[in-house]
Amino acid sequence: MIKKYVMIFIVVLAVSAGAGWVFFGCAFEEEISHDPAPCEEEDYIVIGLSQIGSESDWRNANTESFKSVFTAGNGYYLLYEDAQQKQENQLKAVRDFILQEVDYIILDPIVETGWDTVLMEAADAGIPVILVDRQILLENDELYTCWVGSNFREEGRAAGRWLEDYLKLQSRENKEIRIVTLQGTPESSAQIGRTSGFADVLSEHDNWNMLDKRNGEFTQAKGQEVMRDFLKLYEDIDVVVSENDNMTFGAIEAIEAAGKTCGPGGDMIILSFDAVRAAIQFMQAGKINAVFECNPLLGPKVAEIIERLEAGEQVEKIQYIEETYFDTSMDLEKILKERVY
């Protein structure tokens, strides 16, 4: 891959009272990276990153992971675009990256469909596209180089298996278990995977009753709203499955406002996904039973892939990031001390 020489001059000409001056400086067209623009010609690998938004603590940690890796000091120049949860913004960003002739495009897609045309444009321009976090559906998988992220379906299954074991410890494995789910953005990979993975385990238990599933948009405010509605509709809820931590925080607010309790020994079992620091702190406070990790620190893995591509090597098409889960039986204080997000 031919690296771009990043050097753009701005010329300012001012003429006043018959006298003029000219100023030459070095700057970039857009201030969309946290790196300062270099003022001399440098051999950078230019990265275009289209991020979904900043809807959650997980997303912010994910963005910072990329920004901390793709720096001038590491030989990169990062063009960063926040799509603000709108696919049309991402499509525009990718096309802008193509026009700017970046070396690589990193795309975290908001939804799974609608990408064939723009990725064909990137392929025609000879720009490798690396998908991260969420996946997409394409007629031709050759339109992207590889995908890096979490096994969302396995995360959902892990939550179901954890619930099985927990109910056995409580001698409730044969009792009716009433469940509600706060789902993430519809048709996103995280929503599809976590919903279907938990459903795999649910289908094995005739006594597990899924009362309702609703979109909580991966946000705390919507999570609170949806949980408030659940509490009005259903008198008895045993388990709340929340497909990300921020929705969980909102759900807990709604539960406590209704005069109910949650977590170990409470009225409801709370299962959450992502495992940001705040969620583990909620577990310490006895308000969440278990949280299933979705590792946001994808930057180093993607940088490793780019290094291999630069060396002319082949890379695996699907690459999962290492993940685990946490519950209240663990040393949460130690976990928090070692946690970087």
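Trainee: Which residues does Thr181 touch, not counting residues up to four places away in sequence?
Mentor: First, a word on the ground rules: this is a predicted model, where local features need pLDDT of at least 70 and side-chain atom pairs count only at pLDDT 80 or more, while totals for chains, interfaces and linings use all residues. Residues are numbered from 1 along each chain as its sequence is written, and side-chain values use heavy atoms, with hydrogens and water left out. Thr181 lies in strand 9 (residues 177-183); strands (E, at least two residues) and helices (H or I, at least four) are DSSP runs numbered from the N terminus. Counting heavy atoms within 4.5 Å as contact, Thr181 touches Met210, Asp212, Lys213, Arg214, Phe230, Val241 and Glu243.

Trainee: Is Thr181 buried or exposed?
Mentor: The cut-offs come from relative accessible area with a 1.4 Å probe, protein chains only: under 20% is buried, over 50% exposed, and in between partly exposed. With a relative accessible area of 4%, Thr181 is therefore buried.

Trainee: What share of the 341 residues in the protein chain is buried?
Mentor: The chain holds 10 helices and 15 strands. Of its 341 residues, the buried share is 51%.

Trainee: What percentage of the contacts with a separation of 6 or more joins residues 24 or more positions apart?
Mentor: Let us take the contacts in the protein chain with a separation of 6 or more. Residues 24 or more positions apart account for a share of 73%.

Trainee: Let us turn to the helices. At roughly what angle do the axes of helix 4 and helix 5 cross?
Mentor: Each axis is a line fitted to C-alpha atoms, for helices over the stretch in contact, and angles run from 0 to 180 degrees between N-to-C directions. The axes of helix 4 (residues 152-169) and helix 5 (residues 189-202) come within 6 Å, and they cross at roughly 35°.

Trainee: How do the residues of that contact between helix 4 and helix 5 divide?
Mentor: Helix 4 contributes residues including Phe152, Arg153 and Leu163, and helix 5 residues including Ser189, Phe198 and Val201. Ala, Val, Leu, Ile, Met, Phe, Trp, Tyr, Cys and Pro count as nonpolar, Asp, Glu, Lys and Arg as charged, and the others, Gly among them, as polar. The residues of the contact divide into six nonpolar, six polar and seven charged.

Trainee: How many aromatic pairs are there?
Mentor: Rings of Phe, Tyr and Trp (its six-membered ring) pair if their centres lie within 6.5 Å; planes under 30 degrees apart are stacked, over 60 edge-to-face, and the rest tilted. By this rule, the number of aromatic pairs is nine.

Trainee: What kind of pair do Trp147 and Tyr320 make?
Mentor: Their ring centres are 5.5 Å apart and their planes stand at 80°, so the pair is edge-to-face. Trp147 in strand 8 (residues 146-149) and Tyr320 in strand 14 (residues 318-320) are 173 residues apart, so to speak of distant parts of the chain is fair. Trp147 is buried at 1% relative accessibility, whereas Tyr320 is partly exposed at 47%. To return to the kind of pair, Trp147 and Tyr320 are edge-to-face.

Trainee: And what kind of pair do Phe273 and Phe292 make?
Mentor: Both Phe273 and Phe292 are buried. Their ring centres lie 5.6 Å apart and their planes are at 40°, so the pair is tilted.

Trainee: How far apart in space are Ile270 and Ile288, C-alpha to C-alpha?
Mentor: Ile270 has its place in strand 12 and counts as buried at 1% relative accessibility. Ile270 and Ile288 are 18 residues apart in sequence, yet C-alpha to C-alpha they are apart in space by 5.1 Å.
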